[in-house]
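These entries record what I looked up, in the order in which I looked it up. I began with the cysteines and then turned to the pocket, the cores and the overall figures.

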Amino acid sequence: MSKRIVIDPITRIEGHLRIDCEVDGGKVVNAWSSGQMWRGIELIVKDRDPREVWLFTQRFCGV
Amino acid sequence: MKDGFEGLPDLSGGPGERLLARGVSRRDFLKVCTGIAAAMGLPLGMGAQIAEAVTNPKRPPVIWLSAQECTGCTESLLRTNHPTLEKLILELISLDYHETLNAGAGKQCEEALKKSMQENKGKYILVVDGSIPVKDGGIYCKIGGKTVLSLLEEQGSQAAAVIAIGSCSSWGGMPSAYPNPTGATPVHAIFKEKGIKTPVVNIPGCPPNGYNFLSTVLYLLTFKKLPQLDEEGRPKFAYGRLIHDNCERRPHFDAGRFALEFGDDGHRKGYCLYKLGCKGPETYNNCPTLLYNDAGSQAWPVGTGHPCFGCSENKVGFNIPLHTPAVLKDVTPPVNFPGIVEDKGKGVTVAGAAIAAGVAGAAIGVAAATSKNLGKKDKDKGKSDPESKES
């Protein structure tokens, strides 16, 4: 019977990352990573004046 | 608004041994404290009082909640580039939980958070960066399987005070720009809706100046109350004046010398950026005087030749298009302002003051006309300028 391990939040990185691991007999048999935050910047920049889109996309990540 | 901080640990007395151990001399340390006192507009002697509060061995616990953020606020705070200060902040407070800086991950750090919240109930400072998504039950930002909306409610209601760092947590910021896909909401709005009474200080900016944040924290530590806030919940020492009022390019504005496009003659000469959409005239912040990252003079957006886009101002940054000219809140002093130096042997008379008041009233009209005329002058020079069409 496999066991699921969840590590959330993953620290020392920017953003909200979550890792799910499926462990069977001491071995990782499956794993998923998922971002836990969404701001919809794609929708915010849609139809915007291209000259100011950098303002928004620049803020994907401040690191 | 509650502004007493009975809950914070008693911070009287205590030597700065930790600082000495890190090679920070007493003289350097006092210089930093005095500088901070000056930046907040406090009297000279307050530097020593700040020094006393921050060298206390009992460090106040701080919990840092990250919502819809980009970590820019944390980065700007860490890169304040003041070698003693960046060490100081880690020595001064007990940062019990910070997703980006915690050494442990997952369960480990969630337990540290739980422990700190239980031990310091009602005593910790909660710092929030990032906006809180409320659409669809708040599913657009989760930590440890819980929505930040529920985490903010839980952590915010038990905190002594909340510092909303950055524009996102202060007024919604970039994620709240049209069409606000996730229902990004600032901290104070959530508190109002949920009836949480914890006081909130807003330190807007994208990112805010690290020193404005540090100064606010030190004020809380020293005086155990909030600094004076304006109606937007921002500390007055930092957000009391328009950028336009302290801008080093203001003389060019007053004289009608403008950059009309990037790279033109006026732009290269360092003229006023108003016509490129500079939002300095409607943005309250201390960028021109405090500057960024201790990098020397002109280390701020306008100093580098780019218009201010009003990142820290609610309903301006990310809301008004970048190249739309700002609305002028105050007026340029007209030539017929009463003289500052009185004639010999005469004081200000009641009649004189009344005349001056009348002139000032008329001046508003004159200045409105003047600002329209600015466009005309440029047209006369043969430059194309869409603004001048209106005048």
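**Entry 1: cysteines.** How many disulfides does the count come to over all chains? I note beforehand that the model is predicted. With a cut-off of 2.5 Å between cysteine sulfur atoms, I obtained a count of 0 over all chains. I then checked two cysteines of chain B individually. Cys206(B) takes part in no disulfide, and its nearest cysteine sulfur belongs to Cys168(B), 5.7 Å away. Cys311(B) is likewise in no disulfide; for Cys311(B) the nearest cysteine sulfur is that of Cys206(B), at 5.8 Å. Both distances, 5.7 Å and 5.8 Å, fail the test because a disulfide requires sulfur atoms within 2.5 Å.

**Entry 2: burial of these cysteines.** Are Cys206(B) and Cys311(B) buried or exposed? The limit for buried is under 20% relative accessible area. Cys206(B) has 16% relative accessibility, so it counts as buried. Cys311(B) has 15%, so it is also classed as buried.

**Entry 3: largest pocket.** I next looked up the largest pocket, which holds about 840 Å³ of space. Its lining has 44 residues, and those closest to the centre are Arg59(A), Cys206(B), Pro207(B), Pro301(B) and Cys311(B). The two cysteines of the previous entries are thus listed here again. Which helix gives the most to this lining? I found α4(B), with 4 residues. Helices α4 (72–78) and α8 (167–171) of chain B each supply at least two lining residues.

**Entry 4: nonpolar cores.** I recorded 31 residues in the largest nonpolar core, where Val127(B), Ile163(B) and Phe213(B) have the most contacts inside it. Helix α10 of chain B (residues 210–223) contributes the largest share of this core, 7 residues. A second core, separate from it, has 26 residues, among them Tyr97(B), Val148(B), Leu149(B) and Ala164(B). I then listed the contacts of Val127(B), leaving out residues up to four places away in sequence. Val127(B) touches Val62(B), Ile63(B), Trp64(B) and Leu65(B), and also Ile163(B), Ile165(B) and Phe213(B). As general background, nonpolar side chains tend to be buried together in soluble globular proteins.

**Entry 5: chain B as a whole.** I closed with totals for chain B. Its secondary structure comes to 16 helices and 9 strands. Of its 391 residues, 53% are buried. Among contacts between residues at least 6 apart in sequence, 76% join residues at least 24 apart. Chain B exposes about 18000 Å², of which carbon and sulfur atoms supply 55%.

Technical notes
Residues are numbered from 1 along each chain as its sequence is written. Chains are lettered from A and ligands numbered from 1 in the order in which they are written. This is a predicted model: local features need pLDDT of at least 70, side-chain atom pairs count only at pLDDT 80 or more; totals for chains, interfaces and linings use all residues. Side-chain values use heavy atoms; hydrogens and water are left out. A nonpolar core is a set of buried Ala, Val, Leu, Ile, Met, Phe, Trp, Tyr and Cys residues joined through side-chain atoms within 4.5 Å. Buried means under 20% relative accessible area, exposed over 50%, partly exposed in between (1.4 Å probe, protein chains only). Contact means heavy atoms within 4.5 Å. Accessible areas come from the Shrake-Rupley method with a 1.4 Å probe; for residues, only the protein chains shown count as cover. On a 1 Å grid over the protein atoms alone, a cavity is a set of points where a 1.4 Å probe fits but cannot get out, and a pocket is an open set with protein on both sides within 12 Å along at least five of seven lines; lining residues have an atom within 4 Å of a point. Grid points are joined across faces, edges and corners, and a volume is the space filled by probe spheres set on the points.
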